[in-house]
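Trainee: I'd like a close look at how the charged side chains pair up in this one. Take it slowly, and wander out to the surroundings once that part is clear.

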Amino acid sequence: MTERKPPGINFESWIDKQIREATERGAFDNMPGAGKPLPDADAPYDELWWIRKKMIDEGVSALPPTLAVRKEADEAHEAALRAASEPEVRKIVADINDRIREAIRTPLSGPPLNLVPFDVEHVVVEWRAQRSS
């Protein structure tokens, strides 16, 4: 594929020929995702799709640390309400409370944290009420 396009042949014919020859050689056989639909084909256009994908793949967050803790707290609260058992609820809340206390002790960059540890008993009451309805 490093050869130059010969003069007198239009680009489309030259490229089609290279693709056909590569297909005949089996260069496209057993490629990852072969025969599967394109991921996110129905998603709206996003110029920065590749940056967002790379950040997800690398586990990088663009949120300031204080906002990341707030997001973790929201997600932990939701996870606690979906938990299968009361001990699991208590563990989830205890873990996020440790994270919140650590963020309060060592100030993080970003907007103010404005977060206090969850009341474990209150979350358990919420969980029970949700389970009974």
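Mentor: Start in helix H1, where Lys17 and Glu21 sit 4 residues apart, about one turn of the helix. This is a predicted model, so read every value here as computed from predicted coordinates. The side chains of Lys17 and Glu21 meet in a salt bridge, with 3.5 Å from N to O. That fits the cut-off, because a side-chain nitrogen of Lys or Arg has to come within 4 Å of a carboxyl oxygen of Asp or Glu. Behind the rule is a plain idea: side chains of opposite charge can pair when their charged atoms come close. How covered are the two partners? Lys17 has a relative accessible area of 41%, and Glu21 has 29%. Buried ends at 20% and exposed begins over 50%, so Lys17 at 41% is partly exposed. Glu21, at 29%, is partly exposed by that rule too.

Now jump to a pair that reaches between helices. Glu86 and Arg128 meet through their side chains in a salt bridge of 2.7 Å, N to O. This one links distant parts of the chain, since Glu86 belongs to helix H4 and Arg128 to helix H5, 42 residues apart. Glu86 is partly exposed, with 22% relative accessible area. It falls on that side of the line because buried means under 20%. Arg128 is partly exposed as well, at 44%.

Stay in helix H4 for another local pair. Asp98 and Arg101 are 3 residues apart there, about one turn of the helix. Their side chains form a salt bridge at 3.7 Å, N to O, inside the 4 Å limit. Asp98 comes out partly exposed at 46%, and Arg101 gets that label at 37%. Back at the link between helices, there's a wider picture: Glu86, Arg90, Glu121 and Arg128 are joined into one network by salt bridges that share partners. Counting by the rule used here, the total comes to 13 salt bridges.

What lies around Arg128? One answer is Leu81, which is in helix H3 (residues 65-82). Leu81 and Arg128 are 47 residues apart in sequence, yet 8.6 Å apart in space, C-alpha to C-alpha. Leu81 is buried, because its 18% is under the 20% cut-off. Compare that with Val125, also on helix H5, which is partly exposed at 49%. Val125 and Ala41 are 84 residues apart in sequence and 43 Å apart in space, C-alpha to C-alpha.

Over by Ala41's stretch of sequence, have a look at the largest pocket, which holds about 240 Å³ of space. Its lining is made of Pro39, Asp40, Ala43, Pro44, Tyr45, Asp46, Trp49 and Lys53. Sort those residues by type and you get 5 nonpolar, no polar and 3 charged.

The loop between helix H1 (11-25) and helix H2 (49-58) deserves a stop too, and Phe28 is in it. Phe28 joins Ile15, Ile19 and Met31 in a nonpolar surface patch of about 340 Å². Phe28 is partly exposed at 40% relative accessibility, and it can join a patch because members need over 30%.

Asn30 shares that H1-H2 loop, and its backbone is worth a look. Most residues other than glycine have a negative phi, and most peptide bonds are trans. Asn30, though, has a positive phi, near 55°. Asn30 is exposed, because its 80% is over the 50% cut-off. Asn114 is another non-glycine residue with a positive phi, near 45°. Asn114 is found in the loop between helix H4 (86-105) and helix H5 (120-132), and it is exposed at 66% relative accessibility. That brings you back to the two helices that Glu86 and Arg128 link.

Terms used
Residues are numbered from 1 along each chain as its sequence is written. This is a predicted model: local features need pLDDT of at least 70, side-chain atom pairs count only at pLDDT 80 or more; totals for chains, interfaces and linings use all residues. Side-chain values use heavy atoms; hydrogens and water are left out. On a 1 Å grid over the protein atoms alone, a cavity is a set of points where a 1.4 Å probe fits but cannot get out, and a pocket is an open set with protein on both sides within 12 Å along at least five of seven lines; lining residues have an atom within 4 Å of a point. Grid points are joined across faces, edges and corners, and a volume is the space filled by probe spheres set on the points. Ala, Val, Leu, Ile, Met, Phe, Trp, Tyr, Cys and Pro count as nonpolar, Asp, Glu, Lys and Arg as charged, and the others, Gly among them, as polar. Patches are made of residues with over 30% relative accessible area and no salt bridge: like charges are joined within 9 Å, nonpolar side chains (Val, Leu, Ile, Met, Phe, Trp, Tyr) within 5 Å. Accessible areas come from the Shrake-Rupley method with a 1.4 Å probe; for residues, only the protein chains shown count as cover. Buried means under 20% relative accessible area, exposed over 50%, partly exposed in between (1.4 Å probe, protein chains only).
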